[in-house]
Amino acid sequence: MTGGQQRLQLKSIPIGKLFLTLIMLVLAVSTVLPFLWMISTSFKTPAEVFDYPISWIPKHWVMEHHEKIWLGENSFIRYYLNSLKIAIVSTAGATFLSAFAAYGFSRVEFKGRDALFVLYLSMMMVPPQVLFVPKFIMFNWFGIYNTHWALILPGMFTILGVFLMRQFMISIPKEISESAFIDGAGHFRIFWQLMLPLAKPALATLAIIDFSWHWNDYENAIVFLIDRKLFTVPLGLQNFILEFNIDYNGMMAATSAGIIPILIVFLLGQKYIIQGVSNTAVKG
């Protein structure tokens with residue numbers, strides 16, 4: 001390629017697009033830097049944590065912090081299993097119930113449907129902290145306080161999930177379900193055999209978002225769980241806050257291990273995220 005052709009190719013690139021790309025690159029780097037510091041700190045000695053300027057590569061690689069979180073007195077294995085149990089069960093329930101409710105709001109005609117949906121969406125304006133006391137009283141009455149069910153059952157109902165699934169199902173042509181009705185299929189058969197397979201991108205997107213939310217949930221866990229054997233990964237990080245100081249190395253090692261399930265879930269379903277979110281925005 002000659003010099004003239006290279007200059008012509010550069011001139012053909014819009015300045016605005018190039019500037020936007022540079023901004024996105026800077027934002028991406030600024031987002032990744034804290035994670036790099038976290039991983040680097042988990043292999044440092046305590047004296048290296050607050051070195052300035054920051055030493056991104058540890059001078060002395062230390063593995064004892066990672067060994068401590070898995071083999072130490074307060075092993076994270078139990079916290080991992082608790083978090084996985086809560087996140088997986090809650091996500092499975094929320095995904096199914098959201099799709100089921102979304103089908104009703106998008107395909108079943110009944111009086112006041114749209115008004116009911118708007119009322120349902122308005123509940124998103126209620127801060128979740130306001131519900132802590134009523135939920136505490138109700139869970140204590142049902143006998144599920146200080147159990148994982150206190151986190152799982154409320155987690156199966158998500159307003160955002162219903163909204164995302166409804167918006168996706170609205171984008172599916174009505175002719176598909178109408179032709180199934182003509183062939184004699186009922187609502188349940190249409191939901192199971194037609195709508196769910198077509199809604200796989202939205203289902204995967206919702207599952208990833210919901211799993212990440214439940215895995216990182218700290219507020220509900222600290223309010224409704226007392227027994228240390230029931231603690232989740234976010235609560236387990238409290239073990240590194242000592243009486244007179246904070247074990248930053250151990251905390252960063254535990255946090256590094258804590259993001260592994262989210263990364264795995266994201267990598268498995270990343271191709272569905274963009275497809276699912278873009279399709280939910282087709283119609284309002």
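**Helix α14, the annotated spans and two pockets**

In helix α14, the residues that count as buried are N249, G250, M251, M252, A253, A254, S256, A257 and G258. That makes nine of the eleven residues of the helix, which runs over residues 248-258, so α14 is largely enclosed by the rest of the structure. Keep in mind that the model is predicted.

The UniProt record, an unreviewed entry, puts a "transmembrane region" at residues 18-39, 86-105, 117-137, 149-169, 190-209 and 248-268. What does the chain look like over residues 18-39? Here it is 100% helix and 0% strand, with 32 Å between the end C-alpha atoms. Residues 248-268 come out at 95% helix and 0% strand, and their end C-alpha atoms sit 31 Å apart.

Now for the pockets. The largest pocket takes up about 920 Å³. Its lining counts 26 residues, and P128, F157, T158, I159 and W213 are the closest to the centre. Helices α6 (132-142), α7 (149-155), α8 (159-171), α11 (200-216) and α12 (219-224) each give two or more residues to this lining. The largest share belongs to α11, with five residues. Sorted by class, the lining of the largest pocket has 17 nonpolar, five polar and four charged residues.

The second largest pocket has a volume of about 150 Å³. Ten residues line this pocket, and nearest its centre lie K68, E73, N74, N239 and F240. The class split for this second lining is four nonpolar, three polar and three charged residues.

Notes. Residues numbered from 1 in each chain as written. Predicted model: local features only at pLDDT ≥ 70, side-chain atom pairs only at ≥ 80, totals over all residues. Heavy atoms only, no water. UniProt positions renumbered as here; feature names shortened; annotations may be inferred. Helix = DSSP H or I, 4+ residues; strand = E, 2+ residues; numbered from the N terminus. Buried < 20%, exposed > 50% of the residue type's maximum accessible area, 1.4 Å probe, protein only. 1 Å grid on protein atoms, 1.4 Å probe; cavity = no way out; pocket = protein on both sides within 12 Å on 5 of 7 lines; lining within 4 Å. Points joined across faces, edges and corners; volume = space filled by probe spheres on them. Nonpolar A, V, L, I, M, F, W, Y, C, P; charged D, E, K, R; others polar.
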